[in-house]
Amino acid sequence: MTFGGIKLRRFLAGQYPAGMAFALYVASVATLCVALYECDRRDETLTASASGALLYAVLSIIPFLCLLLAGWGAYFSLVRAKRAGGVLAANLSVLAQIVVLITAVPLIFFCSVAQVPAVPVALSQGARMFRGPLWHVTSDRRVLIVTGEFTKGIAEAVEQSLAATRSVRIVVFESPGGDVGEAMRIGRYIKQNGLETGVATECSSACTYSFIAGRERILLPGAHLGFHACQKVVWYSPCENQKYSSYLVASGIDERFIRRALSVEPPDIWYPKPEELLAAHVITRTRPDGSGGD
């Protein structure tokens, strides 16, 4: 296999000049650092579209793989140069080997725990976005229905849809959850505009943060609301249960209910009964005609 005139098998065996191999390694480190910076700086922008999510995945994995290959080939080229050269060449080779090790190991560790796990998430998100819109307005232009998992960019899209259709008075959710930040942003918009919310099937996890913002909150017969504590995607990602608890308290939800909801560890989920939801002020009624009973 050949890349840009470089035969990969020969390169990995350390059969290329040490100077050339080391220069390729330095270039791969620089490329990876730029990719990591851009992924961090443009995270929300990139993952807000299907093509952006794909680009995010490419920037996360391709430079990382190049670093692995370049580091391997450079190290063994330097080992070979150390054996074949004189004292000066041997000393320079050892110094270069140290540089490779002290730069490659931290970068590989960081990417393994931070960037690589994000790749399947980004690809999955991009695939879901390629399927089409996750929201639509009913023919009478009074109801906005939001379906599917909350992904990056959904809040802005929902806000734009609501702003363009001022006749919408109720937002109905049919979602298993997703990005909590997006859900809370949708919730804040709903609260600011005095809209009602409803659930016809299921609204779980992050979806509930959008639902509880409604001026009136309707759980139709047979529908379910599901709650649990936040979930760490990777070890360094903090769970801000206190932040979410404060958000729920500000929405008028009973604190005992909140403690119960946030005590459920994912992947478990708690589906309270309608009477529990009514008592905790999570819902205001269970029928669109205003009645609260089943």
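**A buried arginine, one disulfide and the salt bridges**

Arginine 217 is buried yet has no salt bridge; the nearest side chain of opposite charge, that of glutamate 216, is 7.3 Å away. I should say at once that this is a predicted model. Arginine 217 sits in strand E7, residues 217-219. What does the side chain of arginine 217 have within reach of a polar atom? The backbone oxygen of glycine 214, at 2.8 Å. Setting aside neighbours within four places in sequence, arginine 217 is in contact with Thr197, Phe211, Ile212, His281, Val282, Ile283, Thr284 and Arg285.

Now the salt bridges. The structure holds 5 of them, and I will go through three. In one, glutamate 159 pairs with arginine 185, with 2.9 Å between the closest N and O atoms. Glutamate 159 is in helix H7 (residues 154-164) and arginine 185 in helix H8 (residues 180-192), so this pair ties together parts that are 26 residues apart in sequence. Glutamate 159 counts as buried, at 16% relative accessibility, whereas arginine 185 is partly exposed, at 32%.

Another salt bridge joins the side chains of glutamate 196 and arginine 215, at 3.2 Å, N to O. Here too distant parts of the chain are linked: glutamate 196 belongs to strand E6 (residues 196-204), and arginine 215 to the loop between helix H9 (207-211) and E7, with the two positions 19 residues apart. Glutamate 196 is buried, since its relative accessibility is 17% and the cut-off for buried is under 20%.

The last one I will show is between aspartate 254 and arginine 256, where the closest N and O atoms are 3.4 Å apart. Aspartate 254 is partly exposed at 25%, and arginine 256 is exposed at 62%. Which residues do salt bridges with shared partners join into one network? Glu196, Arg215, Glu216 and Arg285. Two of the names in that network came up earlier: Glu216 carries the nearest opposite charge to arginine 217, and Arg285 is among the contacts of arginine 217.

On to the cysteines. The count comes to 1 disulfide, between cysteine 203 and cysteine 207, with an S to S distance of 2.1 Å. The torsion about that S-S bond is about -110°, so the disulfide is left-handed. Cysteine 203 is buried at 0% relative accessibility, and cysteine 207 is buried at 0% as well. Cysteine 39, by contrast, is in no disulfide; the nearest cysteine sulfur, in cysteine 111, is 9.4 Å away. Cysteine 39 is itself buried, at 1%. Why does cysteine 111 not bond to cysteine 33? The sulfur of cysteine 33 is the closest cysteine sulfur to that of cysteine 111, but at 8.6 Å it is too far for a bond. Cysteine 111 is buried at 0%.

Cysteine 39 brings us to helix H2, residues 18-41. H2 has 24 residues and spans 35 Å from its first C-alpha to its last, close to the 34 Å expected. The buried residues of H2 are Ala18, Ala21, Tyr25, Ser28, Val29, Leu32, Ala35, Leu36, Glu38 and Cys39. An α-helix has 3.6 residues a turn, so residues three or four places apart point the same way.

Finally, asparagine 241, in helix H10 (residues 241-250). Is asparagine 241 buried or partly exposed? Partly exposed, with a relative accessible area of 24%. Asparagine 241 and leucine 262 are 21 residues apart in sequence, and their C-alpha atoms are 7.1 Å apart in space. Beyond four places in sequence, the contacts of asparagine 241 are Ala229, Cys230 and Leu262.

Notes
Residues numbered from 1 in each chain as written. Predicted model: local features only at pLDDT ≥ 70, side-chain atom pairs only at ≥ 80, totals over all residues. Heavy atoms only, no water. Disulfide = S-S within 2.5 Å. Buried < 20%, exposed > 50% of the residue type's maximum accessible area, 1.4 Å probe, protein only. Helix = DSSP H or I, 4+ residues; strand = E, 2+ residues; numbered from the N terminus. Lys, Arg positive; Asp, Glu negative; His and termini not counted. Salt bridge = Lys/Arg side-chain N within 4 Å of Asp/Glu carboxyl O. Polar contact = N/O pair within 3.5 Å; in protein donor to acceptor, adjacent residues only side chain to side chain. Contact = heavy atoms within 4.5 Å. Expected span 1.5 Å × (residues − 1).
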